[in-house]
Amino acid sequence: MPPAVPRSCYIVELSVQPGGSRWAELHVYSEVQHVRACVDQFVANDDGLSTYHAVWYGATLGVWLVQRGEVVEFVDLEPHLSARIDGSEWVPLSQAQALVLAARPRDEDGDEEEEDDRLPADFEDCDLDAYGRMELRIDWEAVAACLPALESPQLRPGQRTTVTFRSKPEIGSYLDDGDEVRFGSWDLEGGDGLPPPFTIEGWQHDGDDDED
């Protein structure tokens, strides 16, 4: 296969570094509407895993801006996310762990169980339902303001692009200097494609034709 051509795209990364939950999604697209659809799917928190990864593990949640194959910026989503449980007041995502602690199971006398005075030991020991009951919301207008238009040539279905860094932020990431990424949504730990929350006419996500 020939080397990938440097192209422009947005890369949504939702990940936890190995040693934690081993969660790694990259969503590689060229339209802001597709970026938003991927972020909205995360914010929906349908199974509680979004909040579990974000609150308990401090997941990397952000959008890499790639211009002609070069990563020029990382837009961190965390400052634009807030959370609540059971209709409580919205708090910044960085403060959401307190919501999980407040929702811990109580004994028959109404007192908190004393398994841990500070934090749940792990996902199995805390109130699992709290992560599912937690709501997320995002200030999308603020995020969109940080996503400038992409330069030509832009990544399209069936294509790959090289990824090089001007200066990589000091954050945990599955994206490395010199990588190649392919249009679509990908589970890097499982090595599989992920179904995106939208359709693009004429594009088969799991097809492996390269249109370079």
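Which elements each supply at least two residues of the lining of the largest pocket? Let me start there, since I guess most of you will want to look at that spot. The elements are β2, residues 23–29, then α1, and then α2, residues 49–56. And a reminder before I go on: this is a predicted model.

So, the pocket. The space in the largest pocket comes to about 290 Å³. It has 14 lining residues, and the ones closest to the centre are E25, Q41, F42, D47 and S50. If you sort the lining by character, you get seven nonpolar residues, four polar and three charged.

Okay, zooming out for a second. The protein chain is 212 residues long, and 42% of those count as buried. In secondary structure we have five helices and eleven strands. Among the contacts with a separation of 6 or more, 65% are between residues 24 or more positions apart.

One of those strands deserves a proper look, and that's β1, residues 9–16. How many of the residues of β1 are buried? Eight of its eight, so to speak the full set. Going along the strand, C9, I11, E13 and S15 point one way, while Y10, V12, L14 and V16 point the other way, and all of them are buried. Yes, E13 is in that list, so a charged side chain sits among the buried ones.

What does β1 pair with? With β3, residues 60–67, β1 runs antiparallel, and seven bridges join them. On that side C9 has V66 of β3 as its bridge partner. β1 is also joined to β2 by seven bridges, again antiparallel. There you can find V12 standing opposite H27 of β2. And β2, remember, is one of the elements lining the largest pocket.

Next, a separate sheet to click on. Three strands make an open sheet, ordered β6-β5-β7, with antiparallel pairing. The edges are β6, residues 91–92, and β7, residues 134–138; each has a single partner strand, so one side of each has no neighbour in the sheet. Helix α1, residues 32–44, packs on this sheet and touches both β5 and β7, with its direction at about 155 degrees to that of β7. That's the α1 that also contributes to the pocket lining.

Within the sheet, β5, residues 81–85, pairs with β7 over five bridges. Two pairs to pick out: R84 stands opposite E135, and I85 has M134 as its bridge partner. Which residues of β7 are on the covered face, and which on the uncovered one? M134, L136 and I138 are covered, and E135 and R137 are on the uncovered face.

Now the backbone oddities, which I know this group likes. As a rule, most residues other than glycine have a negative phi, and most peptide bonds are trans. Here are some exceptions. R22 isn't a glycine, yet its phi is positive, about 55 degrees. You'll find R22 in the loop between β1 and β2. Its relative accessibility is 46%, so R22 counts as partly exposed.

N45 also has a positive phi, near 50 degrees. N45 is in the loop between α1 and α2. Is N45 buried or exposed? Buried, at a relative accessible area of 4%.

Then there's the peptide bond from S152 to P153, which is cis, with omega near 0 degrees. P153 belongs to the loop between α5, residues 140–144, and β8, residues 160–165.

Last stop: I171. I171 is in the loop between β8 and β9, residues 179–182. It's partly exposed, with a relative accessible area of 32%. Which residues does I171 touch, leaving out those up to four places away in sequence? T60, W64 and F74. Take T60: I171 and T60 are 111 residues apart in sequence, but 7.4 Å apart in space, C-alpha to C-alpha. T60 and W64 fall within β3, residues 60–67, so by residue number that loop reaches the strand that pairs with β1.

That's my tour, so over to you.

Note on methods
Residues numbered from 1 in each chain as written. Predicted model: local features only at pLDDT ≥ 70, side-chain atom pairs only at ≥ 80, totals over all residues. Heavy atoms only, no water. Pairing = 2+ DSSP bridges. Helix = DSSP H or I, 4+ residues; strand = E, 2+ residues; numbered from the N terminus. Contact = heavy atoms within 4.5 Å. Axes fitted to C-alpha atoms, helices over the stretch in contact; angles between N-to-C directions. 1 Å grid on protein atoms, 1.4 Å probe; cavity = no way out; pocket = protein on both sides within 12 Å on 5 of 7 lines; lining within 4 Å. Points joined across faces, edges and corners; volume = space filled by probe spheres on them. Buried < 20%, exposed > 50% of the residue type's maximum accessible area, 1.4 Å probe, protein only.
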